[in-house]
Amino acid sequence: MPSYAAPIRDLQFILHDVLDVSHQGTPGYADLDPDFTAAIFEEAGKLASSVLAPLNLVGDAEGCALENGVVRTPAGFKDAFEQVRAGGWTSIDLPEEYGGQAMPYLMYTALGEISSGANMAFTMYQGLTHGAASAILAHGTQEQKTTYLPKMTSCEWTGTMNLTEPHCGTDLGLMRTKAVPQGDGSYRITGQKIFISSGEHDMADNIIHLVLAKIEGGPEGIKGVSLFIVPKVNVNADGTLGARNGASVGSIEDKMGIHANSTCVMNYDDATGYLLGEAHKGMRAMFTMMNEARLGVGMQGLAQAQVAYENALAYAHDRLQGRAVTGVAVPDKPADPLIVHPDIRRSLMDQKSFVEGGRAFILWGATMIDAAHRSEDRDADGLVSLLTPVIKGFLTDVGYDMTVKAQQIYGGHGYIEEWGMSQFTRDARIAMIYEGANGVQALDLVGRKLAQDGGKHVMAFFDLVKGFCKENAGQDEAFDRDFIEPLKAASKDLQGAAMYFMQNGMKNPNNALAGSNDFMHMFGHTCLGLMWAMMGKAARTALANGASDATFYETKLATGRYYMARQLPATALHLTRIQSGADTVMGLDAANF
Ligand SMILES: Cc1cc2nc3c(=O)[nH]c(=O)nc-3n(C[C@H](O)[C@H](O)[C@H](O)COP(=O)(O)OP(=O)(O)OC[C@H]3O[C@@H](n4cnc5c(N)ncnc54)[C@H](O)[C@@H]3O)c2cc1C
C-alpha cells in the first residue's frame with residue numbers, strides 16, 4: 001500500500017530560504033514566521049498521512065454510488081470530512097468575518113498540495129467549495145455573502161462549478177441552459193450540465209451550485225452568459241433550510257480516475273437561481289477566479305507527481321534486482337537495490353528535480369496572487385495572469401509524465417492496482433483536461449496572454465530573469481556555469497520563440513498556434529530554470545552561513561544542477577519546432593489523415 005509524507009522541509013525551504021515570505025511586505029505575510037508555518041505543515045501532514053492517504057486506495061476501489069438520487073461517497077469519507085472541518089482546515093484563507101482564518105493564499109496553496117497529495121479525489125470536495133465561495137466573495141451582494149459564505153467556509157455546505165454541457169466544454173458560447181426572470185429578482189434555471197465535480201454527495205447538508213446560463217432574450221453567444229447561485233436545498237430568509245430546489249443528479253460517470261469524487265450529470269428543472277454579479281457578465285465573473293482555480297489544478301499535477309515519486313523512491317531502495325555495473329554495492333544481499341542503476345537514477349532525478357522546481361514555481365505564483373489581492377499590485381496581477389496557463393498546462397502535463405515514470409520504477413508491480421501506482425497516473429490524468437484542456441491553455445498563452453497590455457508582462461518576465469542573472473553572476477564560477485548560463489540560454493530560446501510569433505503569427509496565425517504547446521512547455525522549463533537558480537542561490541547562502549543541515553542544501557544544489565543540465569536544454573528543441581512553422585503541421589488535407 002502506498003504511503004504519503006508531506007514535504008515539510010521542502011515547503012519551509014521555499015517559503016523562508018527562497019521566497020523569504022515573512023519579510024515580503026505583503027499584508028498577512030509578516031505573521032508567516034518559520035515556526036508558525038512549520039507547526040501548521042506538521043499538523044496538516046499528520047492528518048494527510050494518517051487519515052486522508054489511507055482512504056485514497058479505498059476511495060479508488062469503492063468509488064461513489066448513486067442511490068435514490070443521492071450519491072454515497074466511499075466508506076470513511078464522511079468521517080474524514082468531519083475531521084477536516086473540525087480541524088478548521090477548510091477555506092483557511094477566507095475572511096475571518098465569514099469564519100475563515102484570513103491566511104494568505106500562499107498557505108492555502110501549500111496546504112492544498114499536502115491534502116491533494118494524500119487524496120486528490122477527497123480534496124476536490126473542499127477545493128470546489130473554495131472556488132465557489134471565492135466567486136461569491138468577489139461578486140456576491142452582501143446578502144448573498146451573509147447567506148452562503150459562513151456555511152461554505154466551514155464546508156457544512158459545499159459548492160460546485162457548472163460550466164460544461166453535453167455539446168460544449170471549451171466553446172461555452174454554445175451553451176443552452178436558460179434563465180428566465182421571475183419578477184421577484186430570482187430566475188428559473190432549466191438545462192443540463194455534465195461532468196460536474198462533487199455535484200452530489202452525502203457529506204454536506206446543502207450544495208451551492210454556481211451555474212452558467214443564458215438569460216432569455218440576452219445577447220447571442222458567450223456575451224449572453226450569466227452566473228447564478230442555485231442551491232440544492234432552498235435557503236429560508238432566516239438561514240434555515242427550506243424545500244428541495246429543482247436541481248438533481250441524473251447520473252454519475254464511470255471514469256478513469258478520481259473515482260471517489262462524484263462526477264455528475266446535473267439536471268436543472270425550473271430550479272430557483274439568483275444572479276451572481278452582473279447579467280451577461282458570467283464569464284467575467286468566472287475569469288476573476290480562474291487564476292486561482294488553474295493554479296489549484298497545476299498543484300494537483302504536482303501533488304500526484306510528488307506522492308508517486310515518494311513511493312517510487314522507497315521502492316527503488318527496497319527492490320533488489322541486478323548488480324551495479326561499477327561493482328557490487330551490497331555484497332551481503334543476493335542483488336543490489338534498484339537505486340544503484342543509472343537509468344533508475346535518471347528517472348528519479350527527473351522526478352525529484354521536477355517536483356521541487358514545480359513546487360517553487362507554484363508557491364511563487366501564489367505570492368503574486370496575494371500581492372495582487374492584498375496589495376493591489378497590478379504588475380504581480382499581470383505576471384501571474386501570464387504565467388497561469390504555464391502553471392496549469394506545464395505542471396499537469398509533466399506531472400502526469402512523472403507519475404508514469406514513478407510507475408515504471410515498479411516494473412510489472414506498477415501496473416497492479418494493489419501497489420497504488422496506477423491510481424496516481426489515473427488520478428493525475430484529469431488535471432490535463434479540466435479547468436480548460438491543456439491545448440487551450442497553450443492557446444490562451446500564445447493567443448492572448450503574450451500580447452496582453454502590449455506585451456508588458458512577458459517583457460517583465462524577461463527583465464526579471466535578466467536582472468537575476470546580472471545580480472548573481474560573477475561571484476562563483478561554478479554557479480555561473482551550472483545555473484546562470486543555462487538559465488540565460490533558456491531565456492534566449494524563449495525570447496526567440498516570442499519573436500518568431502511576432503514576426504510570423506500576424507501573417508499566418510497558424511504559425512503561432514502550431515507552436516503554442518511547445519511554447520507553453522519551453523516557458524515552463526524556463527520558469528523552473530529560474531526557480532532552480534533561485535533555490536541554488538538560497539542553498540549557497542545557507543551553506544556559506546554555516547547551515548547545520550548542510551546535506552539538505554548540498555542536495556538542493558546537486559538536484560538543481562541536474563535540472564539545468566538535463567531538462568532545461570529542452571527549450572532548444574521546442575524553439576526549433578516552433579521555428580519550423582505551421583506548414584508541416586497543416587500540410588495534410590483533413591481527408592488524408
Ligand atoms: C472528471 C471530470 C471532472 C470535470 N469537472 C467539471 C466541473 O466541475 N465543472 C465543469 O463545468 N466542467 C467539468 N469538467 C469538464 C471539463 O472542464 C471539460 O471536459 C473540458 O473543459 C473540455 O471540454 P470538452 O470535454 O467539451 O472538450 P472539447 O471542448 O470538445 O475539446 C476537445 C479537445 O479539443 C481541444 N480544443 C477545443 N477547442 C480548441 C481550439 N479552438 N483550438 C485547439 N484545440 C481545441 C481541447 O483542448 C480538447 O483537447 C470535468 C470533466 C471531467 C472529465
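## Salt bridges

A salt bridge here is a side-chain nitrogen of Lys or Arg within 4 Å of a carboxyl oxygen of Asp or Glu. By that rule, Asp10, Glu113, Lys352, Glu356, Arg359 and Lys556 are joined in one network of salt bridges, and the structure holds 30 salt bridges. This is a predicted model, where local features need pLDDT of at least 70 and side-chain atom pairs pLDDT 80 or more, while totals for chains, interfaces and linings use all residues. Residues are numbered from 1 along each chain as its sequence is written, and side-chain values use heavy atoms, without hydrogens or water.

Within the network, take a look at Arg359 and Asp10: their closest N and O atoms are 2.6 Å apart. This pair links distant parts of the chain, with Arg359 in helix H10 and Asp10 in helix H1, 349 residues apart; helices are DSSP runs of H or I, at least four residues, numbered from the N terminus. Both Arg359 and Asp10 are buried (under 20% relative accessible area; exposed is over 50%, partly exposed in between, with a 1.4 Å probe and protein chains only).

## A partly exposed pair

Glu417 and Arg426 also form a salt bridge, at 2.9 Å between the closest N and O atoms. Glu417 is partly exposed, at 38% relative accessibility, whereas Arg426 is buried at 13%.

## His574 in helix H19

Next stop is His574, in helix H19. His574 counts as buried because its relative accessible area is 10%. Beyond its neighbours within four places in sequence, His574 is in contact (heavy atoms within 4.5 Å) with Asp518, His521, Met522 and His525.

Notes. Helices (H or I, at least four residues) and strands (E, at least two) are DSSP runs, numbered from the N terminus.
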